[in-house]
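Biologist: Please take one part of this model and examine it closely, with the terms you rely on defined as you go.

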Amino acid sequence: MGNVIVITSGKGGVGKTTTTANIGTALALHGKRVVLIDADIGLRNLDVVMGLENRIVYDLVDVVEGVCRAKQAIIRDKRFEGLFLLPAAQTRDKSAVSPEQMQQLCQDLREQFDYVLIDCPAGIEQGFKNAIAGADRAIVVTVPEVSAVRDADRIIGLLAANEMAEPVLVINRIRMDMVRRGDMMNIDDTIDILGIDLLGVVPDDEKIVVSTNKGEPVVMVQDSLAGQAFSNIARRLMGEDIPVFNLETEETFIDKLRKFFGKNGKKRA
Amino acid sequence: MFDLLKFLRKESSLSKNIAKERLKLVLIHDRANISPHFLDAIREDIIKVISNYMEIEDGELDIHLTNLPKEGDGFTSALVANIPIRRMKNIGKNKG
């Protein structure tokens, strides 16, 4: 029996889809059978982020309406053994699916996969309710900004109201240069406010944009810090004990001296 | 000493600390609003306690969360209760 995990955030644009794609790919690279479900009906994007947009025949709505079987709609990612995508419908809206149908679908899929990851749409309406309906647990994605943290808090409240077991937090797009200056909330500030356990921290990384341009998950990019972070998150989900890497080393006196003399040492992360 | 003062001033004006303070306040309200039962539950309990000492108009009891200006600048959250009293009970009288 596989795990069904929903990736949610409340606010749009904080990196739910990127997180879903990369955690999923990393899990597959670790030998797991993974299916990613795009629950953002009408605004599907997981397909383009994964680079699978040209392979869609059927979609999530076709499956729940019985137009086709799940097996026919699920796309196998040929680059990664064990990785699959169930795309959202693009020409329908959130009301095309009900929470009960999602529950049934997740129940069916968990028998065939180790992990079912659901990419939740932004917002707290029907699409959110559908996306969480069949999930056992939730990953809440946020960025260290007031608007995103506020929305994450609301989502955590709604998950609790829906009796979802303790959600875990991914802090995305953190910029250590700004954290060091005191111009961005750090990991502790964010956890302190939201009061849930940390699953991982992903540094802001230009390579995400580049890899999304190409439709390749960033976990494939060797020297990407964000890719490394997503890979660590996947391993923590699998139960490994991987410390959150210390992105936050304070600027030491020696660093300041170095900077002063124009010899800015290697960026640490 | 001067450095310490400068440090303290800098600490409170760091934009991340401003963000954190603002968030904490706004979340007090957001969290209270998540459950419509929250204020009702407080209301019930307050009525129970106050009724030991006085008779109140429970129909006109008004309890809400609000922002109050803090000394200096900024705001703090406050639970404001307006409780009309019908009659004091004859206990705890000052027999001085």
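Modeller: What follows is an account of the sheet in chain A, and of one helix that packs on it. The model is predicted, and local features are described only where pLDDT is at least 70, side-chain atom pairs only at pLDDT 80 or more, while totals for chains, interfaces and linings use all residues. Residues are numbered from 1 along each chain as its sequence is written, chains being lettered from A and ligands numbered from 1 in the order in which they are written.

The sheet of chain A is open and has eight strands, in the order β3-β4-β2-β5-β1-β6-β7-β8, with mixed pairing. Strands (E, at least two residues) and helices (H or I, at least four) are DSSP runs numbered from the N terminus, and two strands pair if DSSP finds at least two bridges between them. The edges are held by β3 (75-76) and β8 (197-203) of chain A; each has a single partner strand, so one side of each is left without a neighbour in the sheet.

At the β3 edge, β3(A) runs antiparallel to β4(A), and two bridges join them. A:Arg76 has A:Phe84 as its bridge partner in β4(A). The two strands form a hairpin with six residues between them, and A:Gly82 in the turn has a positive phi of about 90 degrees. On its other pairing, β4 (residues 83-86) of chain A runs parallel to β2 (residues 34-38) of chain A, joined by four bridges. Here A:Val34 stands opposite A:Leu83.

The side chains of β4(A) alternate: A:Leu83 and A:Leu85 point one way, A:Phe84 and A:Leu86 the other, and all are buried. A residue is buried if 20 or more other C-beta atoms, placed from the backbone, lie within 10 Å of its own, exposed if 12 or fewer do, and partly exposed in between. A:Val34 touches A:Leu83 and A:Phe84, and its further contacts include A:Gly24, A:Leu27, A:Phe113 and A:Tyr115, not counting residues up to four places away in sequence; contact means C-beta atoms within 7 Å. A:Val34 is also among the residues with the most contacts inside the largest nonpolar core, which has 83 residues. Such a core is a set of buried Ala, Val, Leu, Ile, Met, Phe, Trp, Tyr and Cys residues joined through C-beta atoms within 7 Å.

Helices pack on this sheet. Helix α1 (residues 16-29) of chain A lies across six strands, β2 and β4 among them, and runs at about 165 degrees to β5(A). Axes are lines fitted to C-alpha atoms, for helices over the stretch in contact, with angles from 0 to 180 degrees between N-to-C directions. Helix α7 (residues 146-161) of chain A touches β1 and β6 of chain A, making about 170 degrees with β6(A).

α7(A) also packs against α9(A), at about 40 degrees and with the axes 10 Å apart. A:Val149, A:Ala152, A:Asp153 and A:Ile156 of α7(A) meet A:Thr190, A:Ile193 and A:Leu194 of α9(A).

The contact between the chains takes 13 residues from chain A and 13 residues from chain B. α7 and α9 (187-194) of chain A each supply at least two residues of the side that touches chain B, and α7(A) gives the most, with seven.

Technical notes: Contact = placed C-beta atoms within 7 Å.
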